Every structure is written in structure tokens, then in C-alpha cells.
Amino acid sequence: MMASDCDRLRALKAFDDTKAGVKGLVDAGVTTIPSIFHHPLPIEHTDHDHHFTIPVIDLAAATGGTTTTPSKRAELVAAVKAAAETVGFFQVVNHGVPKAVMSEILAAVRGFHEEPAEAKAPYYSRDLGRPVRYWSNFDLFQSPAAQWRDTLYMETTPELLPPEEIPPACRPIALEYGRLMQQLGRTLLELLSEALGLHSGHLEEDAACLERLAGHYYPSCPEPHLTLGTTRHSDPCFLTVLLQDAVGGLQVLLKEDYYGGNNNNNNNNNNNKSSAVWVDVPAVEGALVVNVGDFLQIVSNDRFKSVEHRVVAQSTGSRVSVVCFFRRQDAPTSTRVLRPIVADGEARFRSTTMAELIQHNRAKGLDGSSALQHLRL
């Protein structure tokens, strides 16, 4: 190990040992960010001309918000299908989660992260077996650069998450929010199953349930041009549902070739960064952000896009988001095979197990590389 590598490892350990996260640095009054947070420059171009838009889909026809007819259901499935096949991201309204509950969970997550460091320290752990754990950067010791973000992870089922283990700031709203997300996830997976021409319960058989909830906190950053809140990545799950506050910073990497619905050359163009641009995902009042995960891109045989995304650091305001990941509770050890559904043509991915894909993601961390490229045929 070179001297510079030793210095970096010591800096990472020193930061981790504080158990105060990035918020601790801000509370200490840092005006320059430590070098462990420096990302390679330049950070790619963002589309501020709004050439692309993120679809907003009304789920009323599936959640009981309006009288459902076969034609309305078909229109909704078509809208979800179009978004999943092109952008890979969409926002949903009339989703069945009350605004009051959304506000309360955001406030609870913010409340936890803004507590004194000594109150949060007992939850700080890198033990993946703990049902509640707080840390800064799950891949702190793997990734080339640390991210300007702290996270509170919670399992989402009562048998795995005893109420007494939930931080007081998040009790009891975490379990209530998880219950509502489980219902919404089931609705979304039904729509996506139908969009693939399958029976409505097909994807839920594999995705099974909401596996975990992550409450991210992105403190204001004194040098946002040098770092990122979350590095470019895609999600190792079937589906992700995100609640974001109004601060902003979430961006999606969209490619010209498939945004217009041309998927024919996706295998060749997937690494063509010249035709890609970062697009802001705006905060829409009362909306939740939904994105396709890696598991679903594999199972759909590349029809649905698990699009890479990131969060940029901000100089003003602290961003809070609550992210729900849909996959089997036993996914990290599951031998269940993810196999492409081939309607016509050939399989575009080799089959893999959930455990293999998750272990691959953990090993590489959020290093900016595609999580699926090694599976392409």
C-alpha cells in the first residue's frame, strides 16, 4: 500500500470513528471539505434547458381515487409502460399515501439526523445484520470518493423491526409509512406486470415485499463543486419509491437514443456518454418518485430501464429523502434466479441470483460503473 493510500485509509477511519457523519463536519464549522470527499472533475453537464421531462402519472385508476374502467386501467398501464421503457423514472400522484404522513416521515428523518451526535452514536454501525443502523456512506472504504450524505436504515416489517429499536424521532411513523409503501409497491408491481403482458401478480412473486427504508440526509456543503451527495449508480432491487423534500438535487442520466423510444441499439449505446445528459427530477407537490431497479431490467430483458441517477451537493439547505427498496427480505442470500423473460429475440442478460447481484454491488460500491454491464450477453 502506497503512503497516499495509507493516509487516505487513516482519514477514512478517523472520520468513521467520530460516528457523527457528514453532519458532524458541518456542525464543526468546516469551510473546506476533507479530501476524502473530493470527486474526479469535471462533474458532467446538467440539462438546464429542460429538453427532457420526467413523466407524472396519476394512479387514481389503480388506487381507488376514481371510478376504474377497463379503458382507464389500460391507459394507466400504457403510461407506466412508456415511462419504464424510456426514462426509467416517473413521479406518481393520487398514490394513496396521505400528504400528512409524507410530511411526518420527512420531519422524523430530519429530526433524527439533526439530533446531537451523542444521541445518534448508539445507532452508528456497519453491521448489516442490525435492523436499525445509522452511518455515513455504506461503501466508505470501497468507493474512490466519499459522498456528502448520512443515512438511517430501517427494516420495514414488524417482526424484523421491533418498535423499541426505532429511534424515538421516527416512532411510530416509520412502521405506518412502511405499511402504506407496501400497499403502493404492490399496486406498482401489478401495473408493471401487466405492462409486460403478464398476470398482475407475477412480479410480486419475486419482489415479495418492501425490504428496507433509508432516510438520507444531505447537509449543506461549503464546496459543492468538489463532491456529490450520491454518486452515479442504479438500484439493486426491483423497484424504488422515493419521497423527496423541496431542496432538490436528484438527477437522472438520460440518453438521447432511448428517450425517444428507440431501444434497438441499447446494447451498443449503453456506454455512449456523449449522448447522455443529467436531468433534474423536480419536487412535485404530493408526488412520489418511482424508478425501475436492476432486477426488473434483467427480468424484463432490457425492456424496462434501470437508469443511473445521482444527487448533487448543495451549498444552501439540507436535503432529506426517504427511499423504499422493493425486493425479497432474503435477497442478499437468496439463490432465487433472476432470469430474463424473452418474448421474442434473444436474452440480453445471463441469468443470475439476487445474492450474486447484491454482492457484486456491495463489492464495487458506488463507483460510477454500471452494475449490469458484467451480465450483458
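The following exchange concerns a predicted model and the reasons behind some of the terms applied to it.

Biologist: Why is the pair formed by Phe-112 and Tyr-134 called edge-to-face?

Modeller: The ring centres of Phe-112 and Tyr-134 are 5.4 Å apart, and a pair requires centres within 6.5 Å. The planes of the two rings stand at 80 degrees, and an angle over 60 counts as edge-to-face. The pair therefore receives that name.

Biologist: Which parts of the chain does this pair link?

Modeller: Phe-112 belongs to helix α5, residues 99–113, and Tyr-134 to strand β4, residues 132–135. The two residues are 22 residues apart, and the pair links distant parts of the chain.

Biologist: What makes Phe-112 count as buried or exposed?

Modeller: The relative accessibility of Phe-112 is 0%, and the term buried applies under 20%. Phe-112 therefore counts as buried. Tyr-134 also has 0% relative accessibility, so Tyr-134 counts as buried.

Biologist: What kind of aromatic pair do Tyr-124 and Tyr-134 form?

Modeller: Tyr-124 and Tyr-134 form an edge-to-face pair, with 5.2 Å from centre to centre and 85 degrees between the planes. That angle is to be set against the limit of over 60 for edge-to-face. Tyr-124 lies in the loop between α6 (117–120) and β4, ten residues apart from Tyr-134 in strand β4. Both tyrosines are buried.

Biologist: Which residues form one aromatic cluster?

Modeller: The cluster consists of Phe-112, Tyr-123, Tyr-124 and Tyr-134. The count of aromatic pairs in the model comes to seven.

Biologist: How do you know that Arg-212 lies near enough to Phe-325 to be placed over its face?

Modeller: Arg-212 is at 4.4 Å from the ring centre of Phe-325, and the distance limit is within 6 Å. The position must also fall within 35 degrees of the ring normal. Arg-212 is accordingly listed as lying over the face of Phe-325.

Biologist: Where do Arg-212 and Phe-325 stand with respect to the largest pocket?

Modeller: The largest pocket holds about 870 Å³ of space. Of its 44 lining residues, the closest to the centre are Phe-138, Tyr-153, Arg-212, Phe-325 and Arg-327. The lining divides into 20 nonpolar, 13 polar and eleven charged residues.

Biologist: How many disulfides does the structure hold?

Modeller: The structure holds zero disulfides; a disulfide would need a pair of cysteine sulfur atoms within 2.5 Å. As for individual cysteines, Cys-324 has 0% relative accessibility and so counts as buried. Cys-6, by contrast, has a relative accessible area of 26% and is therefore partly exposed, since that term covers values between 20% and 50%.

Biologist: What kind of peptide bond joins Arg-171 and Pro-172?

Modeller: The bond is cis, with omega about 5 degrees. Pro-172 is in the loop between β5 (150–155) and α7 (173–195). Most peptide bonds are trans, and most residues other than glycine have a negative phi.

Biologist: What makes Lys-19 and Asp-302 worth listing for their phi?

Modeller: Lys-19 is not a glycine, yet its phi is positive, at about 55 degrees. Asp-302 is likewise not a glycine and has a positive phi of about 80 degrees. Lys-19 is in the loop between α1 (3–17) and α2 (21–27), and Asp-302 is in the loop between α11 (294–299) and β12 (309–312).

Biologist: Why is Asp-302 called buried?

Modeller: Its relative accessible area is 2%, which is to be set against the limit of under 20%. Asp-302 is therefore buried, whereas Lys-19, at 37%, counts as partly exposed.

Definitions and conventions
Residues numbered from 1 in each chain as written. Predicted model: local features only at pLDDT ≥ 70, side-chain atom pairs only at ≥ 80, totals over all residues. Heavy atoms only, no water. 1 Å grid on protein atoms, 1.4 Å probe; cavity = no way out; pocket = protein on both sides within 12 Å on 5 of 7 lines; lining within 4 Å. Points joined across faces, edges and corners; volume = space filled by probe spheres on them. Nonpolar A, V, L, I, M, F, W, Y, C, P; charged D, E, K, R; others polar. Phe/Tyr/Trp six-rings, centres within 6.5 Å; stacked < 30°, edge-to-face > 60°. Helix = DSSP H or I, 4+ residues; strand = E, 2+ residues; numbered from the N terminus. Buried < 20%, exposed > 50% of the residue type's maximum accessible area, 1.4 Å probe, protein only.
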